[in-house]
Amino acid sequence: MPNASSWSASSPLLLLWEDSSGTRIFLSLLYAVLAISGTLSNVMVIYLVFSFKKLQTTSNAFIVNGCAADLSVCALWMPQEAVLGLLPPNSSSLRSAEYRLLRGGLLGLGLTVSLASHLLVAFNRYVLITKLPSVYQALYQRKHTGCMIGLSWALALLPVPLLPGLWTLGSAPPDGGSRYTALLLALAVLGQTALLLHCYLGIVRRVRGSAKRVSVLNFHLLHQLPFPAAPPPPRRAQRRLSSVSVLLLCCVFLLGTQPLVWVSLLRFFLRPAPPALQAASWLLLCSLSALNPLLYTWRSEEFRRAARSVLPRTDGPAAAPRPGTA
């Protein structure tokens, strides 16, 4: 367990006490923007799924689970970072080990469940598209789905004893405990990334090589759509657009997770990376919590229709009266 002096050192999660006031204000504003946009988008997705019965599918259940976890980051953790960035470095709030542990708990819980939800969504779509319908229906019964979601939260509680080590990565000379914590973090994210890529690349291969499953290229069961489906585009164009969507999702996910992996591996095998690089890697990972709702809903026509039905409509300008009419 780190002592109080190590807790007051620079935090790799974003706020670097030696930074200028202008840099700290900019970072605080960035966190504020991510907090507001991420909170609104995650709440909107959760509201739409609970409000529209036809959106209550198994895949969307895992998406809602990820949104709930992302709210722990966007609605609870990010606002604190935004406020703390405006406080003087010698503030008593910044030196409290218990408060830092609480912030670490919110961040660790949210990110762990969010990453697990990414994997659950990917595996659900992989089974839906590449396996027989009977296999999908047997695996994703309601009780099985609930167990998967509960397990994601239970597993998120396991790294709690490691949170102090995560918070002191880069804040003190490397020791055995912090180095192995960095290695464990890197291996966990790498393993999750490998499984996720296996699922999505398997989907791409299946989609590109089979025309029989073109009806599920948007990753949704068509009989569960809440609105009439639009006429499908040509099969070749549909396969191409679906593959691009999957690859784009994978690229965004890799951009958000891999910098932290390599920073952690660098700490274990060589030496700690510069604090600014560590902060940037954590910021990229945390920004996924604000982007996740868009990643999973921007191509979904039923989500767009549901959102348009609940958002206030802006009426166009009134038509000019005809000549001779009152």
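Biologist: Let's start with the contacts: among those between residues at least 6 apart in sequence, what percentage join residues at least 24 apart?

Modeller: A contact means heavy atoms within 4.5 Å. In this protein, 80% of the contacts between residues at least 6 apart in sequence join residues at least 24 apart. Keep in mind that this is a predicted model: local features need pLDDT of at least 70 and side-chain atom pairs count only at pLDDT 80 or more, while totals for chains, interfaces and linings use all residues. Residues are numbered from 1 along each chain as its sequence is written, and side-chain values use heavy atoms, with hydrogens and water left out.

Biologist: Okay, and how many helices and strands does the secondary structure come to?

Modeller: Helices (H or I, at least four residues) and strands (E, at least two) are DSSP runs, numbered from the N terminus. This protein has twelve helices and zero strands, so to speak a plain string of α-α-α-α-α-α-α-α-α-α-α-α when read along the sequence.

Biologist: What percentage of the residues count as buried?

Modeller: Buried is under 20% relative accessible area, exposed is over 50%, and partly exposed sits in between (1.4 Å probe, protein chains only). By that reading, 47% of the 326 residues are buried. As for the outside, the protein exposes about 16,800 Å², and 69% of that comes from carbon and sulfur atoms. Those areas come from the Shrake-Rupley method with a 1.4 Å probe, and for residues only the protein chains shown count as cover.

Biologist: Let's take one helix. How far does α7 reach from its first C-alpha to its last?

Modeller: For a helix, the expected span is 1.5 Å times one less than its number of residues. Helix α7 (residues 142-156) has 15 residues and reaches 22 Å, close to the 21 Å expected. Its buried residues are T145, S152 and A156. Look down the axis of α7 and those buried residues fall within an arc of 30°, so they line one face; the arc is that of the directions from the helix axis to the C-beta atoms. Among the elements covering them are α3 (58-84) and α5 (97-130). Turned away from that buried side are the exposed residues K143 and C147.

Biologist: You mentioned a cysteine. How many disulfides does a search of the whole structure find?

Modeller: A disulfide is a covalent bond between the sulfur atoms of two cysteines. The criterion is a pair of cysteine sulfur atoms within 2.5 Å, and the search finds zero. Take C286: the closest cysteine sulfur, in C74, is 8.9 Å from its own sulfur, too far for a bond. C286 is buried, at 0% relative accessibility, whereas C147 is exposed at 55%.

Biologist: Now a polar side chain. Is N292 buried or exposed?

Modeller: N292 is buried, with a relative accessible area of 4%, and belongs to helix α11 (residues 275-297). Leaving out residues up to four places away in sequence, N292 touches D70, S114 and H118. With D70, the side chain of N292 makes a polar contact of 3.1 Å. That term covers a pair of N or O atoms within 3.5 Å; within protein, one must be able to donate a hydrogen and the other to accept it, and residues adjacent in sequence count only if both atoms are side-chain atoms. N292 and D70 are 222 residues apart along the chain, and their C-alpha atoms are separated by 8.2 Å.

Biologist: Which backbone oxygen lies 3.1 Å from a polar side-chain atom of S41?

Modeller: That of G38. S41 is in helix α2 (residues 21-51) and counts as buried at 15% relative accessibility. Beyond four places away in sequence, S41 touches A290 and P293.

Biologist: And what about a loop residue: where does W298 lie?

Modeller: W298 lies in the loop between α11 and α12 (301-310). At 42% relative accessibility, W298 is partly exposed. Not counting residues up to four places away, W298 touches S245, L248 and R304. W298 and S245 are 53 residues apart in sequence, with 9.8 Å between their C-alpha atoms.
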